[in-house]
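Trainee: Hi! Could you walk me through this structure before I head back to the bench?
Mentor: Happy to, let's pull it up.

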Amino acid sequence: MYLLYRLRELGLHVRVFEAGTGVGGTWYWNRYPGARFDSESYSYGYSFSQELLDEWDWTEHFASQPEIERYLNYVADKFDLRPDIRFSSRVDSAAYDEDNHCWTVVLGDGSRHRSRFMITALGPLSAPTMPRFEGVQDFEGQSFHTGLWPKQSIDFEGKRVAVIGTGASGIQAIQEVAKAAGHLTVFQRRPNWCTPLHNRRIEKEEMDRIRAGYPELFQRCRETAACFVHTVDPRGTFEVTDEERNAFWEELYAGPGFGIWQGNFRDMLVDREANRLISDFVADKIRERVNDPRIAEMLIPKDHGFGTRRVPQETHYYEVYNQPNVKLVSMLEAPVERITASGLETSEADYEFDIIIYATGFDAVTGSFDRIDITGVDGRKLKESWRSGPTTFVGVMVDGFPNMFMVMGPHAALGNNPRSIEYNVEWVRDLIGYMTGRELTVADARPEAVAQWNDFVRQKAEGLLSNEIDSWMTGVNMNVAGKQTRRLVRYSGTAPEYRERCDEIAAEGYRELSFT
Ligand SMILES: Cc1cc2nc3c(=O)[nH]c(=O)nc-3n(C[C@H](O)[C@H](O)[C@H](O)COP(=O)(O)OP(=O)(O)OC[C@H]3O[C@@H](n4cnc5c(N)ncnc54)[C@H](O)[C@@H]3O)c2cc1C
């Protein structure tokens with residue numbers, strides 16, 4: 001939506017193809033119970049329009065999906081974006097026409113559309129994946145993937161419900177479903193480290209104070225490593241006494257949002273011993289909150305340290321396992337063998353359910369690209385080029401795919417994403433403005449610039465504990481063929497460093513690109 005807004009300003013004719021029937025992206029598809037921000041609402045909203053900032057009131061520090069979807073609809077209406085968006089239009093393929101220097105995009109209905117530039121805004125988490133179980137189609141009850149949740153409300157009252165998967169979406173859904181379900185069975189492959197969200201309502205007066213502080217807030221987001229409001233503590237874990245360290249962690253655990261992840265000691269994600277200590281601290285919290293010590297141990301990750309994966313934020317998640325209507329099953333101890341007409345079978349037992357919820361996540365970052373047949377020069381396929389990991393120039397371009405620009409593609413600075421999206425969009429807008437102002441029709445990244453950028457991305461990943469862990473951030477998804485080994489799908493340097501590089505490139509006239 002922001003791309004459309006900015007590109008229109010250049011006087012370009014812009015057409016957006018959107019698979020959904022409405023705006024919202026992530027917040028259109030993920031309407032499962034409990035879906036909400038883990039970024040502070042006001043730090044996530046667009047920052048580009050003072051009018052919008054003045055008009056929109058957030059009602060919770062971490063807004064829920066309905067409010068976020070309302071917000072994005074409000075933005076679409078305010079800036080009259082809908083006339084240039086074609087809904088229910090999934091792009092199946094896109095090919096670069098070398099003779100005419102343009103892209104041909106083909107939609108699911110077979111229609112073909114030509115354009116000088118093709119910009120992808122496919123989303124890092126928009127290609128849902130199902131587990132590779134036999135018999136998924138055989139189930140006769142209701143079943144849903146969290147990322148493809150239907151618009152009508154689902155009644156869990158008194159029902160026998162299964163949730164498969166305990167990633168960020170599963171955790172949010174479990175908390176809500178456990179309130180209504182007659183019985184809930186959670187199937188967990190590997191636990192994640194979760195910490196309290198501490199969400200609160202925002203009353204009018206507080207919203208007015210937040211609004212008055214927007215300039216400082218966005219400035220802070222520009223300075224932090226991952227664009228969140230939380231600032232890393234400059235101290236090292238071992239530079240303080242045991243008492244000081246514990247008091248600091250207690251404060252972070254009692255504080256809102258990602259403070260404990262993004263505002264912790266500076267060495268937490270690079271020093272093994274520091275990471276072990278914070279992991280022990282959070283493990284003890286889990287033990288305190290879960291009554292049955294055996295269940296508590298099942299919920300404590302043993303294969304990765306705290307913070308080395310995105311930390312799911314929870315509200316009474318651990319207490320759910322103290323409820324008599326909730327059971328936790330380890331899929332490592334008792335693998336699911338098949339989905340049946342009435343439920344599922346594990347290696348140890350048969351279960352019957354009315355509803356199965358697949359909270360099995362996404363083929364992250366490159367998945368939505370892989371689902372489109374993208375062909376560049378000389379018949380080169382993007383999927384093939386990226387088989388052993390994506391290669392990009394500043395996460396925006398790929399050599400051999402001229403005039404294709406990516407927003408939130410691989411190697412972009414992830415974190416509190418809209419801050420990076422706004423930056424990416426403005427960078428692409430400036431590049432297109434540079435080209436149209438000089439009557440340049442084609443831009444391609446020079447292969448040596450791509451190689452250099454990939455070295456930089458590799459260098460930035462070195463020494464980070466998170467890059468020694470299988471997760472969607474290291475390109476691993478056990479449910480997707482060919483994605484069992486780690487790949488450098490994300491840029492793990494800081495966002496300010498990323499922007500500095502990109503600013504330099506623009507200021508020096510895009511020497512890393514070849515133009516015709
Ligand atoms: C449950 C959930 C919670 C999240 N919470 C946060 C958070 O709190 N903070 C944060 O910073 N990030 C969060 N994220 C990440 C979130 O994806 C980004 O913040 C943001 O939505 C990215 O915006 P986007 O426009 O790049 O992608 P998206 O919002 O994913 O939009 C991409 C759009 O592209 C469309 N599309 C994809 N492929 C095609 C195709 N072939 N043809 C046509 N259309 C296509 C999709 O339908 C979708 O509408 C969350 C993600 C999920 C799944």
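Trainee: Where is the place of Val16?
Mentor: Val16 sits in strand S1, which covers residues 16-17. Keep in mind as we go that this is a predicted model.

Trainee: Okay, and is Val16 buried or exposed?
Mentor: Somewhere in between: Val16 has a relative accessible area of 28%, so it counts as partly exposed.

Trainee: Which residues is Val16 in contact with, leaving aside neighbours within four places in sequence?
Mentor: Those are Leu4, Asp84, Ile85 and Arg86. On distances, the C-alpha atoms of Val16 and Ile119 are 9.3 Å apart in space, with their positions 103 residues apart in sequence.

Trainee: Let's switch to the ligand. Which residues come nearest?
Mentor: There are 31 residues around the ligand, and Glu18, Thr26, Asp38, Ser39 and Tyr44 come nearest.

Trainee: What does the side chain of Glu18 do there?
Mentor: An N or O atom of the Glu18 side chain is 2.7 Å from an oxygen atom of the ligand. Backbone atoms take part too: a backbone N or O atom of Ala19 lies 3.1 Å from a ligand nitrogen, and a polar backbone atom of Asn417 is 2.8 Å from a ligand oxygen.

Trainee: How much of the ligand's accessible area does the protein cover?
Mentor: On its own the ligand has 970 Å² of accessible area, and the protein covers 90% of that.

Trainee: Which elements give two or more residues to the shell?
Mentor: Helix H2 (26-29) and helix H16 (417-437) do.

Trainee: And how do the shell residues divide by type?
Mentor: Into 17 nonpolar, ten polar and four charged.

Trainee: You mentioned H2. What else is it doing?
Mentor: H2 also helps cover another helix. What covers the buried residues of H5 includes H2 and helix H4 (50-55).

Trainee: How many residues has helix H5, then?
Mentor: H5 has 14 residues, 65-78, and reaches 20 Å from its first C-alpha to its last, close to the 20 Å expected at 1.5 Å a residue.

Trainee: Which residues of H5 are buried?
Mentor: Gln65, Glu67, Ile68, Glu69, Tyr71, Leu72, Val75 and Ala76. As background, an α-helix has 3.6 residues a turn, so residues three or four places apart point the same way.

Trainee: Where is Ser49 found?
Mentor: In the loop between helix H3 (41-44) and H4. Ser49 counts as buried because its relative accessibility is 8%, under the 20% cut-off. Beyond residues up to four places away in sequence, Ser49 touches Lys78 and Phe79. A polar atom of the Ser49 side chain is also 3.0 Å from the backbone nitrogen of Leu52.

Trainee: What about Gln172, buried or exposed?
Mentor: Buried, with a relative accessible area of 9%. Gln172 belongs to helix H6, residues 168-180.

Trainee: What does Gln172 touch?
Mentor: Not counting residues up to four places away in sequence, Gln172 touches Tyr32, Pro33, Gly34, Ala35 and Arg36. With Arg36 there is a polar pair as well: the Arg36 backbone oxygen lies 3.0 Å from a polar atom of the Gln172 side chain. Gln172 and Thr315 are 143 residues apart along the chain, and their C-alpha atoms are separated by 8.1 Å.

Trainee: Is there a serine with a similar story?
Mentor: Have a look at Ser368, which is in helix H14 (residues 367-370). At 10% relative accessibility, Ser368 is buried.

Trainee: What does the side chain of Ser368 reach?
Mentor: The backbone oxygen of Gly123, at 3.2 Å. Leaving aside neighbours within four places in sequence, the contacts of Ser368 are Leu122, Gly123, Ser126, Ala127 and Asp363.

Trainee: Last topic, backbone angles. What is phi of Asn403 near?
Mentor: It is near 60°, a positive value in a residue other than glycine. Most residues other than glycine have a negative phi. Asn403 lies in the loop between helix H15 (382-385) and strand S18 (404-406), and is buried at a relative accessible area of 0%.

Trainee: And Glu439, buried or exposed?
Mentor: Exposed, at 72% relative accessibility. Glu439 has a positive phi near 55°, and is in the loop between H16 and strand S19 (443-445). Asp80, just after H5, takes a positive phi of about 50°.

Trainee: Great, thanks!

Methods
Residues are numbered from 1 along each chain as its sequence is written. This is a predicted model: local features need pLDDT of at least 70, side-chain atom pairs count only at pLDDT 80 or more; totals for chains, interfaces and linings use all residues. Side-chain values use heavy atoms; hydrogens and water are left out. A residue is near a molecule or strand if one of its heavy atoms lies within 4 Å of it. A polar contact is a pair of N or O atoms within 3.5 Å; within protein, one must be able to donate a hydrogen and the other to accept it, and residues adjacent in sequence count only if both atoms are side-chain atoms. Accessible areas come from the Shrake-Rupley method with a 1.4 Å probe; for residues, only the protein chains shown count as cover. Helices (H or I, at least four residues) and strands (E, at least two) are DSSP runs, numbered from the N terminus. Ala, Val, Leu, Ile, Met, Phe, Trp, Tyr, Cys and Pro count as nonpolar, Asp, Glu, Lys and Arg as charged, and the others, Gly among them, as polar. The expected span of a helix is 1.5 Å times one less than its number of residues. Buried means under 20% relative accessible area, exposed over 50%, partly exposed in between (1.4 Å probe, protein chains only). Contact means heavy atoms within 4.5 Å.
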